[in-house]
Amino acid sequence: MPTHRTRCGTALAAAAVTAVLVLSAGAPARAQGGPGTADTTPPVKTDASASGLRLRPGAKLAPGRVLDIKSVVETDGGNERREDTNVDVTFALQAEVLFDKDSAHLGGAATDRIRVIAEEARKQHAAKLRVFGFTDNLGSADHGVALSKDRANAVQRQLAQDLGSSAVAYEIRGYGEDYPIADNATEDGRRKNRRVEVSFPRGKG
């Protein structure tokens with residue numbers, strides 16, 4: 001009986017180590033609010049022969065990976081969201097604070113909010129900005145794609161005016177109802193999905 005308990009304990013310990021290794025070496029998570037994935041690089045090498053590791057005979061360590069740590073801050077009742085990772089900075093603005101309903105013309109409060117994003121992009125020395133538009137799933141898919149692209153274009157034009165630099169490149173896309181961040185079955189969810197996201201690489205140093 002003691003031998004059985006010892007074997008069970010050893011098996012559980014090995015399983016726990018294996019679980020930790022799997023979590024540490026998992027594939028990068030898809031960006032929640034857009035079509036990109038985290039750009040991660042391998043960490044320092046792990047010694048597979050270390051005495052603290054208990055692997056099955058013949059088992060090998062999976063390649064290590066640095067997980068992309070994300071910080072999310074919402075303001076103005078969720079109308080504005082900022083996501084910071086070790087790779088990118090992303091701002092998401094709800095369509096209602098930028099545009100009138102079914103419109104791609106910037107409203108009065110939009111310029112101040114976009115100026116804040118431009119100031120952060122300048123602070124991060126961003127040379128390329130991605131401006132992506134999204135809608136809810138109401139209306140036709142074609143209309144959603146066209147509206148989201150027009151809204152992304154409007155935000156990009158204001159960003160370019162605020163940054164005032166011809167050295168900055170822009171990637172502008174309208175994804176319509178693709179890549180929702182909330183449930184389109186409720187109005188609150190649809191409101192969150194109607195948004196424009198601006199992202200750019202985090203500056204070095």
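The following dialogue examines the nonpolar core, strand pairing and helix H3 in a predicted model.

User: Which residues have the most contacts inside the largest nonpolar core?

Analyst: The largest nonpolar core comprises 24 residues, and those with the most contacts inside it are Leu 98, Leu 129, Val 155, Leu 159, Val 198 and Phe 200. Two or more residues of this core come from each of strand E3 (88-94), helix H2 (95-98), helix H3 (110-123), strand E4 (128-134), helix H4 (141-163) and strand E6 (195-201).

User: What does Leu 98 touch, apart from residues up to four places away in sequence?

Analyst: With those residues set aside, the contacts of Leu 98 are Leu 93, His 105, Leu 106, Gly 107, Ala 110, Ile 114, Val 155 and Val 196.

User: Is Gln 158 buried or exposed?

Analyst: Gln 158 lies in helix H4. The cut-off for buried is under 20% relative accessible area; Gln 158 has 12% relative accessibility and therefore counts as buried. Beyond residues up to four places away in sequence, Gln 158 touches Leu 106, Thr 111 and Ile 114.

User: How should strand E3 be read, and which strands pair with it?

Analyst: In general, side chains in a regular strand alternate between the two faces of the sheet. In this model, six of the seven residues of E3 are buried, and the strand is mostly covered. Strand E2 (residues 80-84) pairs with E3 in the antiparallel sense over five bridges, and Arg 81 has Ala 92 in E3 as its bridge partner. Three residues separate E2 and E3 in the hairpin that they form. E3 also runs antiparallel to E6, joined by seven bridges; here Thr 90 stands opposite Ser 199 in E6.

User: Where do the buried residues of helix H3 lie around the axis?

Analyst: An α-helix has 3.6 residues a turn, so residues three or four places apart point the same way. In H3 the buried residues are Ala 110, Arg 113, Ile 114, Ile 117, Ala 118, Glu 120 and Ala 121. They cover an arc of only 160° around the axis, which puts them on the same side of H3. The elements that cover these buried residues include E2, E3, H2, E4, H4 and E6.

User: What span should the 14 residues of H3 have, and what follows the helix?

Analyst: At 1.5 Å a residue, the 14 residues of H3 should span 20 Å, and the end C-alpha atoms are 20 Å apart, which agrees. His 125 follows H3 and has a positive phi, near 55°.

Key: Residues are numbered from 1 along each chain as its sequence is written. This is a predicted model: local features need pLDDT of at least 70, side-chain atom pairs count only at pLDDT 80 or more; totals for chains, interfaces and linings use all residues. Side-chain values use heavy atoms; hydrogens and water are left out. A nonpolar core is a set of buried Ala, Val, Leu, Ile, Met, Phe, Trp, Tyr and Cys residues joined through side-chain atoms within 4.5 Å. Buried means under 20% relative accessible area, exposed over 50%, partly exposed in between (1.4 Å probe, protein chains only). Helices (H or I, at least four residues) and strands (E, at least two) are DSSP runs, numbered from the N terminus. Contact means heavy atoms within 4.5 Å. Two strands pair if DSSP finds at least two bridges between them. The expected span of a helix is 1.5 Å times one less than its number of residues. The arc is that of the directions from the helix axis to the C-beta atoms.
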